[in-house]
Amino acid sequence: MSTYEQEVNVEQHEFEPIKGYPMLNWKGKRPFRSTQYYPAQLKETHGEVTDGWINKIFWGDNLQVMSHLLKEYRGKIKLIYIDPPFDSKAEYKKKIKLKGKQISNDLNAFEEVQYTDMWTNDEYLQFMYERLILIRELLSEDGSLYLHCDWHKSHYLRCICDEIFGAQNFRNEIVWSYFGFKRSTTRKFPQKHDILLSYVKSEEYIWNVQYQPHSEEYIKRFKKDENGRLYRDDVNPTGGGSRVIYLDEVPGDIIDSVWNDIPPVNPVAKERQNYPTQKPEKLLERIINASTNLGDIVFDCFMGSGTAQAVSLKNGRKFIGSDINLGAVQTTTKRLTKILAANEKSVPGFEVYNVNNYDIFRNPVQAKELLIEALEVQPIHNNSIYDGEKDGRMVKIMPVNRIASRADLNELITNFDYKSFEKRQIENPNQPVERLLLVCMGHEPDLAAALEQEVGYKLDIEVVDILRDKSNLEFKRDSEAEVIVDSGNLIIKNFYPMSLLQKLSIMKENVEDWKELVESVMIDWNYDGAVLEPTVVDIPEKNELVSGIYKIPEDAGTIRVKITDLLSESFEVSIDNG
Ligand SMILES: C[S@@+](CC[C@H](N)C(=O)[O-])C[C@H]1O[C@@H](n2cnc3c(N)ncnc32)[C@H](O)[C@@H]1O
């Protein structure tokens, strides 16, 4: 196949065979040899194209986002940092609090889950395996990967990376020993570090040695010479004998693989975005400085609050990012627009894309309950396989934070009641032993056939793909707003974000100040009907409120207003300006 065909036909390009050995095995491990192309839809543009480049962030499952990116960026990304879920069996929540309220209580604050980190069987390993293979495809020959993880899965991830990148391309196991409060554990040492595994694509990788200032103890070992210069006598490590070292000639203390000088983001830190598991900018700065040069592309496909993107923007690197949680995309957008606004130099702006349509769920965590309700499934509680029953079919809601793959079938395959299957087959040899309804958010082709083949019994399987069939389903409560044009001003008179009000148990009529419910207001004065290009970005500081009144410029045409509430849900409306 020609290079051109490879680039254009994502589906027809088989990934390079995996070279590294030995290999880790897990239940349901299957090869991942190629992917398909997923289109992306441009939704917003912030700032300008500069020197032919504009940064990009994507809302979607990173498997689909990376499959999309392969077309243009295969072999072009210099640094990929990922901080994926750690398989920690936890739910990560964000505190949502009414704006402008100093004190939080039950009436004005609650916790909202942003993402869960719970996996059954070995789904996690297959999930990471497929994404790491795509990461390798995207990396340039001189590129590097930093995989942020911890004790839960670092040992397995290292084996998987050895397999994918080749053990010879392993560079470091970095220990980020975050200080901060010590968890009290009675029967083991308290856990106090994360692990970053670094791999390179080839021997040609970019590397810039990093230094930190010398410790006082080290400096104390130097004496002053007659000119006041600090020096010390040392053994010559190469030629033998002695030599003199001047402190001002030593570039600093080389940073090694134990990083204990970077604190976690504290609750009052300026960089804090109030996103769970946010990583410190200093950590990303070190990685970006070590493994990229100015103008290189940095990619983080589990971007969360956008730390890698923010640090790239501040340090003259290009960036791409993605997250499946809309809250993460909104948080990153807010963070980046603030950096753009504060920047005096002309730096590239960024675009926001959707890959596939996750619009129906603001956040995948609540999706299961919503689906059960919307599809009118009779729920079954405390059942290890099924979520409910509908029209004589047993219903399984597949994980909704990604497209359903064959690996996701393992839970069913492991837990099926094979004794009953056997009995039913003997009683009615020509009938299916089970009637199933699989509900998913996008799925691999032939999912149903794969399940039947694995199980070895006749099954009657119906697959409902919410992304395809969603148009007739109602999941979100619509928001309402009253926006008017008066005396040359655009005025937001009222805003009722229904899901948020429901969570706060506030009736629409009892909203005291709609501004307390709002995270940001963005306005595009000349909306082209497709892509929001806001020139007004009203993001108030912590205890302040949006303005609500905006002067309309003379050249305004169709005005598009986007109001984003504290849950990251947005309301958009267009107004014709005369
Ligand atoms: C540990 S957080 C990343 C935090 C980030 N490093 C920061 O500094 O804010 C992991 C992120 O991965 C996202 N995520 C989980 N599964 C994903 C998927 N399949 N595709 C894209 N993002 C995903 C979660 O929504 C979450 O925001």
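**Exercise 1. Lys 99**

Task: In this predicted model, determine where Lys 99 is found, whether Lys 99 counts as buried or exposed, and which residues Lys 99 touches beyond four places away in sequence.

Solution:
1. Lys 99 is found in the loop that runs between strand S4 (90-97) and strand S5 (109-117).
2. The relative accessibility of Lys 99 is 9%. Buried means under 20%, so Lys 99 counts as buried.
3. Leaving out residues up to four places away in sequence, Lys 99 touches Lys 515, Glu 516, Val 518, Glu 519, Pro 540, Glu 541, Lys 542, Glu 544, Leu 545 and Leu 566.
4. The domain assignment places residues 480-576 in domain 4.

**Exercise 2. Ser 547**

Task: Locate Ser 547, classify its accessibility, and state which residues Ser 547 touches beyond four places away in sequence.

Solution:
1. Ser 547 has its place in the loop between strand S26 (536-538) and strand S27 (549-551).
2. Its relative accessibility is 37%. This value falls between the limits of 20% and 50%, so Ser 547 counts as partly exposed.
3. With residues up to four places away in sequence not counted, Ser 547 touches Lys 515 and Asp 538. Lys 515 is also among the residues that Lys 99 touches.
4. Ser 547 and Trp 207 are 340 residues apart along the chain, and their C-alpha atoms are separated by 47 Å.

**Exercise 3. The ligand**

Task: Describe the residues around the ligand by class, name those that come nearest, and state how much of the ligand the protein buries.

Solution:
1. The shell around the ligand has eight nonpolar, nine polar and four charged residues.
2. Of these 21 residues, Asp 83, Tyr 275, Ser 305, Thr 307 and Asp 323 come nearest.
3. Tyr 275 has a polar side-chain atom 2.6 Å from an oxygen atom of the ligand. For Thr 307, a polar side-chain atom likewise lies 2.6 Å from a ligand oxygen atom.
4. At Ile 324, a backbone N or O atom lies 3.2 Å from a nitrogen atom of the ligand.
5. The ligand taken alone exposes 600 Å², and the protein buries 98% of that area.

**Exercise 4. Helix H6 and the domains**

Task: Explain why helix H6 is described as largely enclosed, and state how far apart the C-alpha centres of domain 1 and domain 2 lie.

Solution:
1. Helix H6 comprises residues 281-291. Its buried residues are Glu 281, Leu 283, Leu 284, Arg 286, Ile 287, Ile 288, Ala 290 and Ser 291.
2. Eight of the 11 residues are therefore buried, so the helix is largely enclosed by the rest of the structure.
3. Domain 1 is assigned as 3-86 + 126-208 + 255-355, and domain 2 as 212-253.
4. The C-alpha centres of domain 1 and domain 2 lie 38 Å apart.

Terms used: Residues are numbered from 1 along each chain as its sequence is written. This is a predicted model: local features need pLDDT of at least 70, side-chain atom pairs count only at pLDDT 80 or more; totals for chains, interfaces and linings use all residues. Side-chain values use heavy atoms; hydrogens and water are left out. Domain bounds come from an automatic or database domain assignment. Helices (H or I, at least four residues) and strands (E, at least two) are DSSP runs, numbered from the N terminus. Buried means under 20% relative accessible area, exposed over 50%, partly exposed in between (1.4 Å probe, protein chains only). Contact means heavy atoms within 4.5 Å. A residue is near a molecule or strand if one of its heavy atoms lies within 4 Å of it. A polar contact is a pair of N or O atoms within 3.5 Å; within protein, one must be able to donate a hydrogen and the other to accept it, and residues adjacent in sequence count only if both atoms are side-chain atoms. Accessible areas come from the Shrake-Rupley method with a 1.4 Å probe; for residues, only the protein chains shown count as cover. Ala, Val, Leu, Ile, Met, Phe, Trp, Tyr, Cys and Pro count as nonpolar, Asp, Glu, Lys and Arg as charged, and the others, Gly among them, as polar.
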